[in-house]
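Colleague: I should be grateful for a close look at a single part, the second largest pocket. Please describe its lining by position, by element and by residue class, and then place it in its surroundings.

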Amino acid sequence: MQNTFSVVIPAAGIGSRMGLGFPKALIKINGKSLLQRHLEHFGDNTTVVVVAGYNSGAVVDELMSLRAKISIVFNHDFLTTGTASSVKRAIPIMPEGMVLILEGDLLVSQETMRKFLWTRKSALGIGPVRSEMPVYAHLDSVERNVIRLSQTDRSAWEWSGLALIPREVCRSFDEGHVFQSLVPFLPLPAVLSDWREIDFPEDVETALDWVMERETG
Amino acid sequence: MTNLFFHFDLDGTLTREELLPRIAREFGASREIETLTSKTIAGEIDFEESFIRRVSLLGHIPPDEVANVILEAPVNERLVQWVRDHSAVSTVVTGNLNLWVQPWLDANGLTGATSEGVFRDGRVVLTKILAKGTIVAASKLEGQVVFVGDGANDAEAFELADYAIAFAGVHRPAEILLELADCLAMEESGLCRILSQLSYQQQV
């Protein structure tokens with residue numbers, strides 16, 4: 001039976017390394033925004049909330065053009081708070097159960113989303129280190145669980161920005177980055193994931209190649 | 001367990017269209033009313049001034065004729081039902097005129113706070129223009145307040161409410177509301193789900 005969960009897409013940040021006037025979630029890859037690509041994974045019965053802050057009007061416009069039946073929660077303190085704060089602000093309007101955190105600046109493969117849709121427990125998406133500034137994920141000896149997350153202690157693996165966790169865990173989040181708020185709840189099961197993150201302008205071309213490989217494969 | 005109150009704007013939130021342009025189309029003065037209405041929604045004209053001007057354009061019409069036009073306005077049925085189901089803790093808060101909207105409130109089984117006027121010598125005379133913030137402030141003395149609206153004249157209510165929801169089901173909410181809101185619902189069923197979740201929690 002498919003897991004029942006709701007989805008939070010933090011998309012409030014400026015994304016200063018990109019130098020855009022709009023949130024990274026609105027970057028179009030092969031004609032579709034990252035946000036639209038996220039929404040295509042979910043049906044009408046899944047509660048999806050986007051957290052907007054920087055240029056929230058552009059997010060409203062995108063959702064209106066997509067006729068998306070989802071809600072926006074506002075993080076007006078996007079200059080001084082991180083993704084954990086955005087997730088926490090969504091919690092009052094999320095139903096009980098599991099929450100899938102899907103960071104707004106990611107591209108995630110269908111196959112990876114399917115793993116998260118069908119897993120029966122908490123999960124952190126991980127993969128081989130690829131980013132410029134990874135959140136390293138340390139795994140246990142059987143490589144089933146993430147036992148440590150760190151931006152300084154290196155590992156062969158990094159966290160993707162994908163997390164499936166209970167709503168109550170999100171209520172304890174603080175103002176920083178999601179990974180920092182997850183640390184007290186480790187170990188958490190690891191799920192091998194296929195994703196790309198857009199942090200720098202050069203990531204856009206890599207992302208396009210990644211999408212084309214998967215859409216035409 | 002705190003008391004949680006729900007306050008709702010009327011035009012463009014509970015109703016599927018703005019009421020004053022609807023009235024204007026029935027009775028003439030359409031163009032002036034449309035211009036005034038869109039400028040008011042956008043926040044270019046202060047609500048009070050806009051309302052005075054719109055009432056002066058329409059105030060010669062017998063109030064019960066205007067009320068009948070409003071009664072025929074399409075509504076967001078699911079949302080109105082939600083408000084009815086939670087009528088003990090819900091209030092409609094509208095700057096619109098009592099003479100025009102009270103029959104609609106009565107017909108839909110809802111209580112409301114409105115602007116007020118009397119029909120005297122063939123014209124509406126305004127006696128009170130509702131400041132939505134005063135209603136929210138009064139409810140806050142007894143508990144927490146959730147406010148749902150879409151226009152620039154909901155801004156003061158948004159600032160005071162414990163949880164402010166901008167509704168985009170009829171038109172894009174006024175820009176000022178995007179800066180003040182806690183959340184935005186794109187359409188009716190999503191809004192009802194949010195309201196039910198908040199009601200279930202009995203706090204925001």
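Modeller: A definition is needed before the classes can be read: Ala, Val, Leu, Ile, Met, Phe, Trp, Tyr, Cys and Pro count as nonpolar, Asp, Glu, Lys and Arg as charged, and the others, Gly among them, as polar. On that basis, the lining of the second largest pocket comprises 10 nonpolar, 14 polar and eight charged residues. The model under discussion is predicted, and every value quoted here was computed from it.

The second largest pocket holds about 680 Å³ of space. Its lining consists of 32 residues, and those closest to its centre are Gly43(A), Asp44(A), Asn45(A), Thr46(A) and Thr47(A). Three elements each supply at least two residues to this lining: E1 and helix H1 (34-39) of chain A, and helix H11 (188-201) of chain B. The most generous of them is H11(B), with three residues. The lining of this pocket thus draws on both chain A and chain B.

That leads to the contact between the two chains. Here 20 residues of chain B are in contact with 22 residues of chain A. The size of an interface is often given as the accessible area lost when the parts come together. For chain B and chain A that area is about 1700 Å², with 56% of it on carbon and sulfur atoms. On the side of chain B, the residues that lose the most area to chain A are Arg172(B), Met186(B) and Arg193(B), which together account for 33% of what that side buries.

Arg172(B) has a further part in this interface: its side chain meets that of Asp61(A) in a salt bridge, at 2.7 Å from N to O. The rule finds one salt bridge across the interface of chain B and chain A, while the count of residue pairs in polar contact between these chains is 10, with both residues at pLDDT 80 or more. Helix H10 (175-180), strand E7 (183-185) and H11 of chain B each give two or more residues to the side of chain B that touches chain A. H11(B) again gives the most, in this case six residues. By class, this side of chain B has 12 nonpolar, three polar and five charged residues.

The largest pocket offers a comparison. It contains about 830 Å³ of space, and of its 32 lining residues the closest to the centre are Arg17(A), Lys24(A), Thr83(A), Asp105(A) and His177(A). Strand E1 (5-11) of chain A, which also contributes to the second largest pocket, supplies at least two residues here, as do helix H3 (83-90) and strand E11 (157-166) of that chain. The most comes from E11(A), with four residues. The class division of this lining is 11 nonpolar, 14 polar and seven charged.

Finally, there is one cavity of 30 Å³ or more, with about 210 Å³ of space. Among its 19 lining residues, Asp11(B), Glu18(B), Phe47(B), Arg54(B) and Asn153(B) are the closest to its centre. Its lining has six nonpolar, seven polar and six charged residues.

Note on methods:
Residues are numbered from 1 along each chain as its sequence is written. Chains are lettered from A and ligands numbered from 1 in the order in which they are written. This is a predicted model: local features need pLDDT of at least 70, side-chain atom pairs count only at pLDDT 80 or more; totals for chains, interfaces and linings use all residues. Side-chain values use heavy atoms; hydrogens and water are left out. On a 1 Å grid over the protein atoms alone, a cavity is a set of points where a 1.4 Å probe fits but cannot get out, and a pocket is an open set with protein on both sides within 12 Å along at least five of seven lines; lining residues have an atom within 4 Å of a point. Grid points are joined across faces, edges and corners, and a volume is the space filled by probe spheres set on the points. Contact means heavy atoms within 4.5 Å. Buried area is the accessible area (1.4 Å probe) that two parts lose on being put together, summed over both. A salt bridge is a side-chain nitrogen of Lys or Arg within 4 Å of a carboxyl oxygen of Asp or Glu. A polar contact is a pair of N or O atoms within 3.5 Å; within protein, one must be able to donate a hydrogen and the other to accept it, and residues adjacent in sequence count only if both atoms are side-chain atoms.
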